[in-house]
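Colleague: I'm new to this one, so could you walk me through it at an easy pace?

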Amino acid sequence: MAATTSKSPRVRHPLFARIYPRINAFAEAHGALEHRRELLADATGRIVEIGAGTGANFPHYPPGVEQVIAVEPEPRLRRLAEPAAADAPVPVEVRAGRAEQLPVEDGAADGVVASLVLCTIADVPRALAEAARVLRPGGRLYFYEHVRSQDPRFARKQRRVNLVWPLLGGGCSLTRQTERAITDAGFTIERARRFDFLINGRSSPSSPNVIGVARKAGNSSP
Ligand SMILES: C[S@@+](CC[C@H](N)C(=O)[O-])C[C@H]1O[C@@H](n2cnc3c(N)ncnc32)[C@H](O)[C@@H]1O
């Protein structure tokens, strides 16, 4: 188990934490709810969710999930996740912690869930190394993220907007190459669906999205 040390940078985004529930409700009303269902449809066993926020994924865990350990560093969001955990269709335990130093034992998880969080985590390689540490051999990483566009013109626009975006979005970056980071961390991507998340037919700097599953090397039983 990774210990939390006093050197761990704290994650506190009080303003973002106040507005995120409304941003999320708007996104869910325009398609993000279906994205969450797609992300979690095949999840089974013991799951660690990193940066769980308000617990927006909790209602969508399918019956094959035995337990969710939901790790969230931001105190206000974590408080909102508690009642969502109580209402979830599967057992959910909310824990304080950062993705870079997960409060979970080695090899304890069948799956790790990352949704709209690898855009924000300060040290993505370290967080993915932690995901690999807590996964059993052959365990899966389920990811739903907005990412850097594959269209160079759009990516240039994202880079420009990204000069201010993290200040408004609790540290969120528009320019992460998340699939590359996942393969660089040693995972094999089994499937990934790229799409533009349009709201009322319009794109935004965070429209390029991906939903996918990656596997940690090792025994591939269930
Ligand atoms: C855009 S919100 C997404 C929340 C949730 N995953 C969802 O799908 O609605 C980004 C989340 O990342 C969390 N976060 C930021 N830095 C983190 C870190 N180092 N480790 C884990 N979570 C982090 C924030 O507190 C916030 O809950």
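Modeller: We can go through charges, surface patches and some contacts, keeping in mind that this is a predicted model.

Colleague: Good, let's start with charge pairs; how many salt bridges does the structure hold?

Modeller: The structure holds twelve salt bridges. As background, side chains of opposite charge can pair when their charged atoms come close.

Colleague: Take E34 then; which side chain does E34 meet in a salt bridge?

Modeller: The side chain of E34 meets that of R37 in a salt bridge, with 3.5 Å from N to O. E34 and R37 are separated by about one helical turn, because they sit three residues apart in helix α1, which covers residues 14–40.

Colleague: And how accessible are E34 and R37?

Modeller: E34 has a relative accessible area of 45%, so E34 is partly exposed, and R37, with a relative accessible area of 41%, is partly exposed as well.

Colleague: What about D110, which residue is its salt-bridge partner?

Modeller: That partner is R136, and the N to O distance between the two side chains is 2.8 Å. This pair links distant parts of the chain, since D110 belongs to strand β4 (residues 109–115) and R136 to strand β5 (residues 135–146), with their positions 26 residues apart in the count.

Colleague: Is R136 buried or exposed?

Modeller: R136 is buried, with a relative accessible area of 17%, whereas D110 counts as partly exposed at 24% relative accessibility. The cut-off matters here, because buried means under 20% relative accessible area.

Colleague: Now R133 and E130: where do they lie?

Modeller: R133 and E130 both lie in helix α3 (residues 124–134), where they are three residues apart, or about one turn of the helix. Their side chains meet in a salt bridge of 2.6 Å, taken from N to O. Salt bridges that share partners also bring in D106, so that D106, E130 and R133 are joined into one network. Within that network, E130 counts as buried, at 10% relative accessibility.

Colleague: Switching to E49, what is the nearest side chain of opposite charge?

Modeller: For E49 that is R36, which is 5.9 Å away, and E49 has no salt bridge although it is buried. The reason follows from the cut-off, because a salt bridge needs a side-chain nitrogen of Lys or Arg within 4 Å of a carboxyl oxygen of Asp or Glu.

Colleague: So which side chain does E49 make a polar contact with?

Modeller: The side chain of E49 makes a polar contact of 3.0 Å with the side chain of N57. E49 itself is placed in strand β1, which runs over residues 45–50.

Colleague: While we're in β1, where is I50, and how accessible is I50?

Modeller: I50 also has its place in strand β1, and I50 counts as buried, with 3% relative accessibility. The C-alpha atom of I50 is 9.1 Å from that of L118, a residue 68 positions apart from it along the chain.

Colleague: Let's go out to the surface; which residues gather in the patch of positive charge?

Modeller: R10, R12, R18, R76 and R79 gather in that patch. Of these, R76 lies in helix α2 (residues 75–87) and is partly exposed, with a relative accessible area of 31%. R12, in turn, is placed in the segment before α1 and is partly exposed at 47%.

Colleague: How far apart are R12 and E74 in space?

Modeller: R12 and E74 are 5.4 Å apart from C-alpha to C-alpha, while in sequence they are 62 residues apart.

Colleague: And which residues form the nonpolar patch on the surface?

Modeller: L163, V164, L167 and L168 form that patch, and together they have about 490 Å² of accessible area. V164 is found in the loop between α4 (152–161) and α5 (165–168), and V164 counts as partly exposed, at 46% relative accessibility.

Colleague: Last one, S173: where does it lie, and which side chains does it make polar contacts with?

Modeller: S173 lies in the loop between α5 and α6 (178–184), and S173 counts as buried, at 9% relative accessibility. Its side chain makes a polar contact with the side chain of N162, at 3.3 Å, and another polar contact, of 3.2 Å, joins the side chains of S173 and T175.

Terms used. Residues are numbered from 1 along each chain as its sequence is written. This is a predicted model: local features need pLDDT of at least 70, side-chain atom pairs count only at pLDDT 80 or more; totals for chains, interfaces and linings use all residues. Side-chain values use heavy atoms; hydrogens and water are left out. Patches are made of residues with over 30% relative accessible area and no salt bridge: like charges are joined within 9 Å, nonpolar side chains (Val, Leu, Ile, Met, Phe, Trp, Tyr) within 5 Å. Accessible areas come from the Shrake-Rupley method with a 1.4 Å probe; for residues, only the protein chains shown count as cover. Lys and Arg count as positive and Asp and Glu as negative; His and the chain ends are not counted. The place of a charge is taken as NZ of Lys, CZ of Arg, CG of Asp or CD of Glu. Helices (H or I, at least four residues) and strands (E, at least two) are DSSP runs, numbered from the N terminus. Buried means under 20% relative accessible area, exposed over 50%, partly exposed in between (1.4 Å probe, protein chains only). A polar contact is a pair of N or O atoms within 3.5 Å; within protein, one must be able to donate a hydrogen and the other to accept it, and residues adjacent in sequence count only if both atoms are side-chain atoms.
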